[in-house]
Amino acid sequence: MHVPPWVKTWEDSIYDAQQSLLSMMDDPDWRVREAAVEALCRLEPSELKKHLEFLLTVLEHEDWQARRAAVEALGKLEFEKLPDYGCLSVVSMLEDSYPGVRAAAVIALGNQKPSELAKQAGVLLTPLSNSCSEVRQAALEVLGMLDPPELARHVTDLLPRLEDSAWLVRRAAVNALGQLAPSELAKYSDALTACALQHRDARARQAAIEVLGKLDCASLSQMFAALSMVLEDSDTSVRSVAVDVLGKLATLQLAGHSAVILEKLESPTWFVRKAALDLLEKLERAELAKHTIAVRRILCEDQCDEVREAALRAFA
């Protein structure tokens, strides 16, 4: 097939323009570099692939914006069609000194097929022990993108992060565990329950309860006594989530734990009594009617307005 001369000239001009763009990445003026970065990210994957080697060298650029742009550009490519070192180079950017670059690496890796990520799962475990909390967080976020069966193979590496010194890392660890299939998640319910009950950080406790809420009703019912203790948490959001999670139980299952709930009505702490009433409210009317005396006593005698309002809602 004959290619008209003008097509060749047009292709050459595009290539020359791209080369000029890439050379601007080293311009001394940060505004020029920033403009080059934005233009680079707009190139189509087919064009970016032609400059793979250059993009990989930009990952070591002293300007964090240049590094971020290179990561974002590489994230447009399918790693399975690139040499292994292409993916490994992006994984290494999870440990970059600048948060924006690390975040771009998370997104770039998240753009890949889970099967491709699985190949690099072992490499992703190394940043979990990095001294920088944001690096550990980024690695956990990427691990959470793995297919549940692959993620299940690395749970023992994730569990220590539940006790991480940084709350964002703890939350990322809980969220990653939450991606497990319910049957697999149930194996680690004790660790998550301990986190929900004992962790010093309220946000970690809340995240653990939210993840436990993904379990099936049968599993939640078996854990009801332990989880009901979360109703005594000092944090309003944690208690609220606990009510929602325990309230997911089918009416008959929830009714089977009425004694535990009624016991909470005797608590000297007003928010525990309120949480118990919020849970009773989720019972069917016929089942709730069995506890009319207890609820009416609260409505008439409790000294806390919020508790009486909860009792009134239960009656309504």
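**Helix pairs and a buried face**

Let's begin with helix 22 (residues 270-280) and helix 25 (residues 305-315), whose axes lie 9 Å apart and pack at an angle of about 10°. Because angles under 35 degrees count as roughly parallel, helix 22 is roughly parallel to helix 25. Keep in mind as you look that this is a predicted model. On the helix 22 side, the contact is made by Trp-270, Arg-273, Lys-274, Leu-277 and Asp-278; helix 25 contributes Glu-306, Val-307, Ala-310, Ala-311 and Arg-313. Sorted by class, the contact of helix 22 with helix 25 holds five nonpolar and five charged residues, with no polar ones.

Now move back along the chain to helix 10 (residues 133-143) and helix 13 (residues 167-177). Their axes come within 9 Å and cross at roughly 10°, which makes helix 10 roughly parallel to helix 13. Here helix 10 brings Ser-133, Arg-136, Gln-137 and Leu-140 to the contact, while helix 13 offers Leu-168, Val-169, Ala-172, Ala-173 and Ala-176. The class count for the contact of helix 10 with helix 13 is six nonpolar, two polar and one charged.

Finally, take a look at helix 7, which covers residues 99-110. Its 12 residues, at 1.5 Å a residue, should span 16 Å, and the end C-alpha atoms are indeed 16 Å apart, so the expected span and the model agree. Which residues of helix 7 are buried? They are Val-101, Arg-102, Ala-104, Ala-105, Val-106, Ala-108 and Leu-109.

Definitions and conventions: Residues are numbered from 1 along each chain as its sequence is written. This is a predicted model: local features need pLDDT of at least 70, side-chain atom pairs count only at pLDDT 80 or more; totals for chains, interfaces and linings use all residues. Side-chain values use heavy atoms; hydrogens and water are left out. Helices (H or I, at least four residues) and strands (E, at least two) are DSSP runs, numbered from the N terminus. The expected span of a helix is 1.5 Å times one less than its number of residues. Buried means under 20% relative accessible area, exposed over 50%, partly exposed in between (1.4 Å probe, protein chains only). Axes are lines fitted to C-alpha atoms, for helices over the stretch in contact, and angles run from 0 to 180 degrees between N-to-C directions. Angles under 35 degrees count as roughly parallel, over 145 as roughly antiparallel, 65 to 115 as roughly perpendicular and the rest as oblique. Contact means heavy atoms within 4.5 Å. Ala, Val, Leu, Ile, Met, Phe, Trp, Tyr, Cys and Pro count as nonpolar, Asp, Glu, Lys and Arg as charged, and the others, Gly among them, as polar.
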